Amino acid sequence: MNNLAILLKKLIRNSAGHARYTVAVTGLSIAVFLLLAAVQIQVNYKELLHGKKNQDSIANFLVINKILTDANMGNTALEDTVINDIKKQSFVQSVGLLTPGRFKASIQSNSDRFPFYTDISFESIPKEFIDVSGTDWTWNEAAPYVPIIIPNMFLDFYNFQFSLSQDLPQLTPEIVKMIVFKVTVYGPKGTASFNGKIAGFSDRISSMLVPSEFMDWGNRNFASEDLKNPSRLIIRTRDPGNPALSNYLRKHQLTTDTEKTRFSKYRKAVDTVVAISGITGALMLLFALLVFTLFIQLTIASCKEEINLLIILGTAPRQLSRFLIMRFFPANVWMIAASFVTLTVLQYLMSLYLESRHIFVSGIISLYTLGTAILLVLLIWWVNRKTIRDYIYPRS
Amino acid sequence: MLILNNLMPDPLRERLSGKTSSVWNRSIQFEAGEWIKITAPSGTGKTTLVHMIYALRKDYTGNILLNQTDIRSLATNSLASVRQRQISIIFQDLKLFPHLTARENIELKRILQEPFCDAAQITKMAEQLGVAEILDQPAQICSYGEQQRICIIRALVQPFEWLIMDEPFSHLDIANTKIAVSLIAQECRKRKAGLVITDLDDDVLFPYTQKLHL
């Protein structure tokens with residue numbers, strides 16, 4: 001502190017009392033902590049939702065269909081109006097229709113050593129919704145085989161239940177992909193047979209998928225009934241936990257894999273915590289700023305005569321403002337820094353705790369939180385400066 | 001250069017109308033480095049004039065130009081700069097901070113701007129004026145005579161082009177007045193500064209270049 005500041009400190013005393021000042025500083029600290037915590041919680045939640053470590057391939061794709069009830073049994077097709085309405089929703093990034101096969105089909109083994117036969121049905125979806133990469137996902141009549149994607153759970157079911165009970169060998173995905181089997185489709189005009197191969201395994205859709213070219217060809221030539229609207233569709237969404245999505249599905253009697261929308265419950269809880277913390281923090285900040293403003297006003301008012309004489313003797317209002325800002329502002333900066341450090345430590349400890357439960361959030365505080373802290377510093381500096389200037393300059 | 005241009009203080013307008021004055025309602029010019037004596041009986045506006053020149057009051061007609069600038073038009077920070085570097089003052093009512101020591105009162109004025117002299121100069125001047133012993137006493141327990149000498153030192157530790165004094169020796173005896181005059185003259189010469197002194201009676205304390213009567 002320079003000599004001038006020492007002399008000014010003797011003249012301009014803090015008349016508000018240390019106890020009240022401490023209470024105000026504590027209040028402002030808590031307010032800042034709550035606001036920063038609200039920002040950090042929101043960032044953590046976003047990271048949980050969209051972070052690469054946490055996200056799996058199914059998280060952002062939802063297959064939607066009507067809830068099957070006694071009333072709509074046999075009529076679960078999604079009307080065009082419903083489909084168009086879904087496309088318009090803000091939480092929907094894109095929509096793909098699941099085209100069902102309207103023909104009978106079967107697959108059977110070409111090998112006597114490993115015999116199997118089963119009736120099946122196929123579905124197809126637009127290529128961009130497929131989660132199997134590295135596959136030539138197309139078909140034409142001259143193609144050597146029909147590529148098929150099956151749900152991962154089918155292979156799990158075979159390997160860990162069926163093969164054990166039937167004394168059959170377990171099969172790795174690579175072996176399954178090498179097996180060539182016979183695909184037969186049936187229709188009013190007769191039958192057609194092709195070679196089929198498993199092209200990959202999907203976590204996303206729980207049905208047997210074929211390329212849309214094969215589906216279109218089959219439906220054109222072997223369909224036993226007229227074209228109907230699809231009963232299921234797949235949507236890509238940025239946030240499956242969005243409560244608006246859950247609410248929309250519930251309202252329109254639609255359903256999806258509830259496991260995928262489980263985040264919506266957490267999201268509501270997080271939103272509530274963020275809202276409570278944010279609003280409480282903002283209100284406390286408002287009151288704390290008001291109290292600090294009053295402190296400054298009180299200090300200036302109680303030293304009115306000294307300040308007047310200082311100005312008469314030639315002290316520039318700029319010098320007085322600078323002194324008063326240096327008197328009040330550093331405490332605020334320290335307090336924000338303390339809140340920030342506390343939050344940083346808590347974030348680190350929380351990341352360690354969550355990591356032990358295979359939930360990954362950054363151990364470092366987010367740039368948004370840092371930015372908010374800087375904004376708060378600037379806001380408090382501005383309020384301090386404005387109050388001081390408003391009360392000093394009219395005296396000069 | 002200091003120009004007083006047709007000055008007439010609003011509160012004294014009626015009282016001064018019809019009276020002859022070599023300051024009120026006249027245009028007078030003080031060149032840099034001039035030493036001016038203004039005499040007037042009590043209640044004729046000496047302190048008012050001093051306050052007008054120091055820009056403490058603005059309730060007057062006419063204008064005061066300091067180096068071509070109307071001091072009434074100065075913004076607050078610019079006015080502070082004038083008081084720190086161009087015009088120093090000794091108030092009639094002293095205007096000391098009672099709780100600060102005599103030394104602190106002087107030191108405050110020395111360091112408000114880039115110091116003109118070092119801190120040791122305070123002690124030197126105090127010794128010269130016979131107030132060195134009371135430098136570390138709160139100003140409020142000093143006698144009027146001591147306080148007036150503290151005010152004189154306070155006015156002399158800053159840079160200035162003009163020293164304005166309002167009855168600066170009213171609490172001093174003749175011997176102390178002569179010592180103070182000597183110190184003031186020395187510091188003004190050091191700065192090639194002018195001075196304006198107001199008092200009740202005429203005197204020959206300084207080699208005045210102009211003598212005016214309010």
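**Sheet, helix packing and chain contact in a predicted two-chain model**

In chain A, helix 3 (residues 80-88) lies across strand 2 and strand 9, and the helix runs at about 150° to strand 2 of chain A. The description given here refers to a predicted model. The two strands crossed by this helix belong to an open sheet of chain A, in which five strands follow the order 5-2-9-1-10 with antiparallel pairing. Strand 5 (123-124) and strand 10 (254-255) of chain A stand at the edges of this sheet, and because each has a single partner strand, one side of each is left without a neighbour in the sheet. Within the sheet, strand 2 (residues 92-100) and strand 9 (residues 232-237) of chain A are joined in the antiparallel sense over six bridges; Val95(A), for its part, has Ile235(A) in strand 9 of chain A as its bridge partner. In general, the strands of a sheet pair through backbone hydrogen bonds, in either a parallel or an antiparallel manner.

Turning to chain B, the secondary structure comprises seven helices and nine strands. Of the 214 residues in chain B, 41% are buried. Among the contacts of chain B with a separation of 6 or more, 78% are accounted for by residues 24 or more positions apart.

Helix 7 (174-191) of chain B takes part in two helix packings described here. With helix 6 (residues 144-156) of chain B, helix 7 of chain B packs at an angle of about 10°, the axes being 10 Å apart; since angles under 35 degrees count as roughly parallel, helix 6 and helix 7 of chain B are therefore roughly parallel to each other. On the side of helix 6 of chain B, the contact is made by Gly145(B), Arg149(B), Ile152(B) and Leu156(B), which meet Asn176(B), Ala180(B), Leu183(B), Ile184(B) and Glu187(B) in helix 7 of chain B. The residues of this contact divide into five nonpolar, two polar and two charged.

The packing of helix 5 (residues 120-129) of chain B with helix 7 of chain B has an angle of about 145°, with the axes 9 Å apart. Here Met125(B), Gln128(B) and Leu129(B) in helix 5 of chain B meet Ile179(B), Ala180(B) and Leu183(B) in helix 7 of chain B, and the residues of the contact comprise five nonpolar, one polar and no charged. Ala180(B) and Leu183(B) thus appear in the contact with helix 6 of chain B as well as in that with helix 5 of chain B.

Two residues of chain B have an unusual backbone angle, given that most residues other than glycine have a negative phi. Asn6(B), although not a glycine, has a positive phi of about 50°; this residue is located in strand 1 (residues 2-9) of chain B and counts as partly exposed, because it has 13 C-beta neighbours inside 10 Å. Glu167(B) likewise has a positive phi, near 45°, but is found in the loop between strand 7 (162-166) and helix 7 of chain B. With 19 other C-beta atoms within 10 Å, Glu167(B) is partly exposed.

The contact between the chains takes 16 residues from chain B and 16 residues from chain A. On the side of chain B that touches chain A, helix 3 (76-85) and helix 4 (102-111) of chain B each supply at least two residues, and the largest share, six residues, comes from helix 3 of chain B. The residues on this side of chain B divide into seven nonpolar, four polar and five charged.

Conventions: Residues numbered from 1 in each chain as written. Chains lettered and ligands numbered in written order. Predicted model: local features only at pLDDT ≥ 70, side-chain atom pairs only at ≥ 80, totals over all residues. Helix = DSSP H or I, 4+ residues; strand = E, 2+ residues; numbered from the N terminus. Buried ≥ 20, exposed ≤ 12 C-beta atoms within 10 Å, placed from the backbone. Contact = placed C-beta atoms within 7 Å. Nonpolar A, V, L, I, M, F, W, Y, C, P; charged D, E, K, R; others polar. Pairing = 2+ DSSP bridges. Axes fitted to C-alpha atoms, helices over the stretch in contact; angles between N-to-C directions. Parallel < 35°, antiparallel > 145°, perpendicular 65-115°, else oblique.
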